[in-house]
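This report looks at how two domains of one protein meet. The structure comes first, then the interface.

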Amino acid sequence: MSEFSPRVFSGVQPTGNLHLGNYLGAIRKFVALQESHNCVYCVVDLHAMTAQLVHEDLEEQIRSITAAFLAAGIDPKAHIVFNQSRVPQHAELAWIFNCVARIGWMNRMTQFKDKAGKDRENASLGLLAYPSLMAADILLYRATHVPVGDDQKQHLELTRDIAQKFNSDFSERIEKLGLGVEMMVGEERVNGYFPLTEPLIEGPAPRVMSLRDGTKKMSKSDVSDLSRINLTDDADTISKKIRKAKTDPEPLPSDLEGLVDRPEADNLVGIYAALSDRSKADVIAEFGGRQFSAFKPALSELAVSVLSPISTQMRSLLDDPAYIDGVLADGGERAGEIAEKTMKDVKAIIGLLA
Ligand code: TYM
């Protein structure tokens, strides 16, 4: 049975400062996956306008995310780095997926409910259709694996639903045109054009929590800057934020079970583990029984040693915007070649004359 060739795709929105959650949940994994996969990493600028149309600094934000990718260790020559709007097929495939996906699927998305808030009628249509564009991002490259944080899980399930409905609605044409790849869906062997993409969410910090409240996700939009570590924070700021991070009065537990119901302790141990490429069990084995007054300085030192070189490199890359624009243009060209081929196939499958 022929198989989809493995390909990784992921994206980050150019809205606001990147923080430790974005780094540990996504970008650090992007870097590691370069060793084993062909990777496509995208600054998803079309997504940025779903919640807010006008951004004064969109260009700088796009460059800043690109700089973060490169500074963290993504190789734009061996892999592909580009911004979404350069490749028009993202929007084109998203339109087709708008006609594949059902309104009920979109209405169920918790991120839509959170972002639209109480005044749903006044949210942009783009915010509702957002997951359909996200599915298009991924499936335009027929990507098999998508590294993301835990908050994107539901969007990836929807991406699979869209792929599956497209494959099944057009199964005869896909087969007739010889464009399918055989795959197993449950017990059934089917011929599909789009893969059922696997999310890569695991690891010790799939959901990094706020430093001020271990039950809330670390987020760009939190009003308190003390709640997050930004990738651009200097060493003193990182240390201050970790020193002030909320904890409970108990020492660290001696086993993983002891982290249950201690969200702040669990979060800091997860962060330590992810930053040092170790498991939480390993970190507990080293620090179990110690007070936070001993653990926090170790965590600060580790965070500064990992993040400082990235922010220094980001700053120096941002001094040369022409270089960044060149990386995006080159990546966009190579992404465009793959995208063009997929859209040609999709049009043939649907029956659009091209
Ligand atoms: P975005 O831009 O909000 O976030 C980028 C990545 O960071 C992860 N993340 C976190 N991980 C752990 N803990 C946290 N506190 C945390 N906060 C954010 C996100 O899960 C994400 O992986 N919809 C996406 C962008 C997107 C995309 C795609 C991703 C558009 N198209 C296709 C993958 C594939 C988003 O808004 O991510």
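Domain 1 and domain 2 bury about 1,600 Å² between them, with 71% of that area on carbon and sulfur atoms. Buried area is the accessible area (1.4 Å probe) that two parts lose on being put together, summed over both. In domain 1, Leu-20, Arg-28 and Pro-204 lose the most area to domain 2, together 36% of what that side buries.

The model is predicted: local features need pLDDT of at least 70, side-chain atom pairs count only at pLDDT 80 or more, and totals for chains, interfaces and linings use all residues. Numbering runs from 1 along each chain as its sequence is written, and side-chain values use heavy atoms, without hydrogens and water.

The bounds come from an automatic or database domain assignment.

| Domain | Residues | Residues in contact with the other domain |
|---|---|---|
| Domain 1 | 7-204 + 320-350 | 18 residues |
| Domain 2 | 225-317 | 20 residues |

Contact means heavy atoms within 4.5 Å. The C-alpha centres of the two domains lie 30 Å apart.

The rule finds 1 salt bridge across the interface. A salt bridge is a side-chain nitrogen of Lys or Arg within 4 Å of a carboxyl oxygen of Asp or Glu. Arg-28 forms a salt bridge with Asp-277, and their closest N and O atoms are 2.9 Å apart.

On the domain 1 side, helix H1 (20-33), helix H3 (58-72) and H14 each give two or more residues. H3 supplies the largest share, 6 residues. Helices are DSSP runs (H or I, at least four residues), numbered from the N terminus.
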